[in-house]
Amino acid sequence: MPSQLLDGKENAARIKRKLHNHVDSLQKKYGLVPCLAVIRVGENPASKLYVTSKCRQSEEMGMQAKEHHLPENAHREEVIELIHRLNANKNVHGILVQLPLPDHLNPLDICEAIDLEKDVDGLHPYNLGRLAQGNPYITPCTPKGCMMFIKDYYKSLKGLKAVIIGCSNLVGKPLGLLLLNEDCTVTYVHRETKNIEEECVSADILVAAAGSPKLVKKNWVKPGALVIDVGINYLVHPDGTSDVVGDVDFNVVKDIAGAITPVPGGVGPMTVACLLQNTVEVALRQMGLEKEFSKN
């Protein structure tokens, strides 16, 4: 029986419609226009597309968005100085550093320079620490979007087994903490894991975030499991054509999973919608308008 297709575009559109109304209300009531600053270092083509999309969608919500582009060879001090200027700018509410960075820059070091109250990606050590304590200040965007899919599909997560393929600071680790906070039993698997297929096939919730195209095959998936595909991989074929595929071999897994997110059109749109939500949330905090949270 074909699995349920979890449409990220449709879910993101619903979130953004509500958010647009909220932003319009905030501007009329308080004169507040949330502002997102996005820092892009280098000429990574995918990063350029992502940043353009984030800024465009922010503006569509009635928010402000400003891209700050630095050259590929920008020194650490140059990037940190820019972040400090944005930290001090009261008209900038959220700051995001587009990853990946050039190899000579340490993303942990760079992200730690962001004012924790403007950290819309939730990657500051303080914010990740709060998440580990079960009391998140800002929830990282991609894990937040994944959790929306998961909680829509399962009425209760208590006692369910979740297996996460990949343990990055950006997705795998924070998502595992969010699932743990919902009383899931969480297992991480990675390139050094022995018998990885056996671990994966035991999962009620299987999340693929490894950055490896079509890694997850049919025999990795428990019948009826929820499969969340975070991977975005660009495949170039011998004839010069290209495809975007996930970490899951979608065409074979969709026949055994209970529900599955597609690539593209699954987690990606939800990540951007959650970024916009987080930007409004940090703006409200900075303005002392926490009472408006429930409308976000």
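**Close-ups of a predicted model**

Gly266 is buried, with just 1% relative accessible area. This is a predicted model, and the views below go through it one spot at a time.

**View 1. Gly266 sits in the loop between strand S11 (259-260) and H10.** With a relative accessible area of 1%, Gly266 falls under the 20% cut-off, so it counts as buried. What does Gly266 touch, once residues up to four places away in sequence are set aside? The list is Leu6, Gly8, Phe149 and Thr261. Two of these names come back in later views: Gly8 of H1 and Phe149 of H6. For a sense of distance, take Gly246: it is 20 residues from Gly266 in sequence, and the two C-alpha atoms are 9.9 Å apart.

**View 2. The loop between S11 and H10 also holds Pro264, which has a cis peptide bond in front of it.** The bond joins Val263 and Pro264, and its omega is about -5 degrees. Most peptide bonds are trans, so a cis one is worth a look. Gly266 is in this loop too.

**View 3. A cis peptide bond joins Leu99 and Pro100.** Omega is about 5 degrees here. Where is Pro100? Look in the loop between strand S4 (94-97) and helix H4 (107-112).

**View 4. Helix H6 (residues 141-153) packs against H10 at about 115 degrees.** The two axes are 8 Å apart. The 65 to 115 range counts as roughly perpendicular, so H6 gets that label relative to H10. The crossing of H6 and H10 is right-handed. On the H6 side you'll find Cys141, Thr142, Lys144, Gly145, Cys146, Met148 and Phe149. Facing them from H10 are Val267, Met270, Thr271, Cys274, Leu275, Gln277, Asn278 and Glu281. Sorted by class, the H6 and H10 contact comes to eight nonpolar, five polar and two charged residues.

**View 5. Helix H2 (residues 45-60) meets helix H10 (residues 267-286) at about 55 degrees.** Their axes are 10 Å apart. Is H2 parallel or oblique to H10? Angles under 35 degrees count as roughly parallel and 65 to 115 as roughly perpendicular; 55 degrees fits neither, so H2 is oblique to H10. The H2 and H10 crossing is right-handed. From H2, the residues in the contact are Lys54, Gln57 and Ser58; from H10, they are Val272, Leu275 and Leu276. That gives three nonpolar, two polar and one charged residues for H2 with H10. Keep an eye on Leu275: it is in this H2 contact, and it also appears among the H10 residues that meet H6.

**View 6. Thr279 is a buried residue in helix H10.** Its relative accessibility is 0%, so Thr279 counts as buried. What lies 2.9 Å from a polar atom of the Thr279 side chain? It's the backbone oxygen of Leu275, the residue we just met in the H2 contact. Leaving out neighbours within four places in sequence, Thr279 is in contact with Pro34, Cys35, Leu36, Met63 and Val120.

**View 7. Helix H1 (residues 8-30) and H6 pack at about 100 degrees.** The axes of H1 and H6 are 12 Å apart. Since 65 to 115 degrees counts as roughly perpendicular, H1 is roughly perpendicular to H6. Gly8, Asn11, Arg14 and Ile15 of H1 meet Met148, Phe149 and Asp152 of H6. Split by class, the residues of the H1 and H6 contact are three nonpolar, two polar and two charged. Met148 and Phe149 also turn up in the H6 contact with H10.

**View 8. Asp183 has a positive phi of about 70 degrees without being a glycine.** Most residues other than glycine have a negative phi, so a positive value stands out. Asp183 is found in the loop between helix H7 (172-181) and strand S6 (185-189). With a relative accessible area of 43%, Asp183 is partly exposed.

**View 9. Lys214 is another non-glycine residue with a positive phi, about 55 degrees.** Which loop holds Lys214? The one between strand S7 (205-208) and strand S8 (226-229). Lys214 has 35% relative accessibility, so it counts as partly exposed.

Conventions
Residues are numbered from 1 along each chain as its sequence is written. This is a predicted model: local features need pLDDT of at least 70, side-chain atom pairs count only at pLDDT 80 or more; totals for chains, interfaces and linings use all residues. Side-chain values use heavy atoms; hydrogens and water are left out. Axes are lines fitted to C-alpha atoms, for helices over the stretch in contact, and angles run from 0 to 180 degrees between N-to-C directions. Helices (H or I, at least four residues) and strands (E, at least two) are DSSP runs, numbered from the N terminus. Angles under 35 degrees count as roughly parallel, over 145 as roughly antiparallel, 65 to 115 as roughly perpendicular and the rest as oblique. A crossing is left-handed if the near helix is turned anticlockwise from the far one by less than a right angle, and right-handed if clockwise. Contact means heavy atoms within 4.5 Å. Ala, Val, Leu, Ile, Met, Phe, Trp, Tyr, Cys and Pro count as nonpolar, Asp, Glu, Lys and Arg as charged, and the others, Gly among them, as polar. Buried means under 20% relative accessible area, exposed over 50%, partly exposed in between (1.4 Å probe, protein chains only). A polar contact is a pair of N or O atoms within 3.5 Å; within protein, one must be able to donate a hydrogen and the other to accept it, and residues adjacent in sequence count only if both atoms are side-chain atoms.
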